[in-house]
Number of protein chains: 2
Amino acid sequence: MSARSGVPNDPGRRERIIAAALELILDDGVARVSHRAVAARADVPLGSMTYHFTSIDEVITEAFRRLVDRLSGRYRAGLHEAATPAEAREAVVEIICGDTFASPREMAGIFELYSYGRSSPDSAELAASWMGISAAALTEHFTPDAAHAIDALIEGWTIHHHLDGKAPDRELVRAAVTALTSSAL
Amino acid sequence: MSARSGVPNDPGRRERIIAAALELILDDGVARVSHRAVAARADVPLGSMTYHFTSIDEVITEAFRRLVDRLSGRYRAGLHEAATPAEAREAVVEIICGDTFASPREMAGIFELYSYGRSSPDSAELAASWMGISAAALTEHFTPDAAHAIDALIEGWTIHHHLDGKAPDRELVRAAVTALTSSAL
DNA sequence: TTGATCAGTGTACAAATGTACACTCTCAGT
DNA sequence: ACTGAGAGTGTACATTTGTACACTGATCAA
């Protein structure tokens, strides 16, 4: 038998690298992500990068995966907690207006994912799965049609919220969500 | 007096460079834009780039400006043509479901702008102005509140349309837009 | 303890990038 | 036709990038 088979010297290192990469994406954007920048942020030697990952794309995609996992977890939990239609609507309002579901940095990260997916098939798949998750979470409370419309509303209004720098009026958002649920959708 | 003062040897060259940069952004994404890549695409010597622009950021921002101009022109025109509320709603449906207002490539370009604005103040301003233009075009037909909601719906649904690769159901979109306009918004 | 084996690293390198700038070319004024 | 000022360019250069890979060192079977 072989000695020292598969025993890592520093377990969890790969994870820490991915975490560092995600922080870098959220702070500075994908464009600034490089083997060296991530290595420095994770306080890890450069060689570690090529040892644990086959390419920089893999690092970035894995970082995005963490982001999507994190956000979809909160998203799902927040909507699952809602017991009544009114509470579900309120959860949607909070997703759009609050920052308990996603901080501005995290929302910016999602846009970066959309852009990055244009040149990375793996990230494109990830972006698609993120959209699927949010749609699924909504269909728990709304008809499929209403869920589609609300999903789009969330997507767009969240972007505006983020780019404006200030949260939209809760009353207005609530009215819009209600309008989308109370008609024949 | 000075001889040859301000007489360009090849007028319109700057414009052609910007056009080439925009095409490059739409085809391959900002990440692939470089002095050399743009120069090659515009069939212009490398030195021309630094002669006409102070930095690559300027080239990219100008390219985005053309994109925003182009889209906001169509946007405004399309909504301005509408004479009745029903026609205005139909124009919104077309913006979301059709590709007469923005091709998939152009929509992808807008996302790239949102991302790029994170590190370029000029592009951030451009992104903000794009949002302002669309909002203004909508207030021509809808109440300010309804305009906000519809603007968000357009933004989000257009993204979904683009990332899904297939247009959403027109009937559904029409119902959603109607819902947002017929209530107390 | 030893040595085989694989985890992990430091360094080197080719390719690509943004930019500066010494140069060449062109044309308006004479 | 000539000329000089300013339009426009080719080349060179310092940096930064992704990646390869010869090396070092930690661990387990013996």
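Which residues come nearest to DNA strand D? Of the 28 residues around this strand, Arg36(A), Asn9(B), Asp10(B), Arg13(B) and Ser48(B) come nearest, where a residue counts as near a molecule or strand if one of its heavy atoms lies within 4 Å of it. The legends below describe a predicted model, in which local features need pLDDT of at least 70 and side-chain atom pairs count only at pLDDT 80 or more, whereas totals for chains, interfaces and linings use all residues. Residues are numbered from 1 along each chain as its sequence is written, chains are lettered from A and ligands numbered from 1 in the order in which they are written, and side-chain values use heavy atoms, with hydrogens and water left out.

**View 1. The two protein copies and their rotation axis.** A turn of 180 degrees with a shift of 0.0 Å along the axis lays chain A on chain B with an RMSD of 0.1 Å, the copies being superposed by least squares on the C-alpha atoms of residues with pLDDT of at least 70 in both. The two copies are therefore related as by a two-fold rotation axis. Of the residues of chain A, Gly156(A) comes closest to this axis, with its C-alpha at 1.8 Å. The same surface serves both copies, since 100% of the contact residues of chain A recur in chain B.

**View 2. The interface between chain A and chain B.** Here 34 residues of chain A are in contact with 34 residues of chain B, contact meaning heavy atoms within 4.5 Å. The size of an interface is often given as the accessible area lost when the parts come together. Between chain A and chain B the buried area is about 2,700 Å², of which carbon and sulfur atoms give 70%; buried area is the accessible area (1.4 Å probe) that two parts lose on being put together, summed over both. In chain A, the residues that lose the most area to chain B are Arg118(A), Met131(A) and His160(A), together 22% of what that side buries.

**View 3. Polar pairs and helices at the interface.** Two salt bridges are counted between chain A and chain B, a salt bridge being a side-chain nitrogen of Lys or Arg within 4 Å of a carboxyl oxygen of Asp or Glu. The side chains of Glu112(A) and Arg118(B) meet in a salt bridge, at 3.3 Å from N to O. On the side of chain A that touches chain B, at least two residues each are supplied by helix H1 (13-28), helix H6 (104-116), helix H8 (144-164) and helix H9 (170-182) of chain A, helices (H or I, at least four residues) being DSSP runs numbered from the N terminus. H8(A) gives the most to this side, with 13 residues.

**View 4. The protein surface around DNA strand D.** Sugar and phosphate account for 65% of the atoms of DNA strand D that come within 4 Å of the protein. A backbone N or O atom of Asn9(B) lies 2.5 Å from a phosphate oxygen of DNA strand D, and a backbone N or O atom of Ile56(A) lies 3.2 Å from a phosphate oxygen of this strand. The elements that give two or more residues to the surface near DNA strand D are helix H2 (35-42) and helix H3 (46-52) of chain A, together with helix H3 (46-52) of chain B. H3(B) provides the largest share of that surface, five residues.

**View 5. The protein surface around DNA strand C.** DNA strand C is surrounded by 27 residues, of which the closest are Asn9(A), Arg13(A), Ser48(A), Tyr51(A) and Arg36(B). Sugar and phosphate make up 68% of the atoms of DNA strand C that come within 4 Å of the protein. A phosphate oxygen of this strand is 2.6 Å from an N or O atom in the side chain of Ser48(A), while a phosphate oxygen of DNA strand C is 3.0 Å from a polar backbone atom of His35(B). The largest share of the surface near DNA strand C, five residues, comes from H3(A).

**View 6. A salt bridge within chain B.** Over all chains, a search of the whole structure finds 30 salt bridges. In one of them the side chains of Glu23(B) and Arg41(B) meet, at 3.0 Å from N to O. This pair links distant parts of the chain, with Arg41(B) in helix H2 of chain B and Glu23(B) in helix H1 (residues 13-28) of chain B, 18 residues apart.

How values were computed
Polar contact = N/O pair within 3.5 Å; in protein donor to acceptor, adjacent residues only side chain to side chain.
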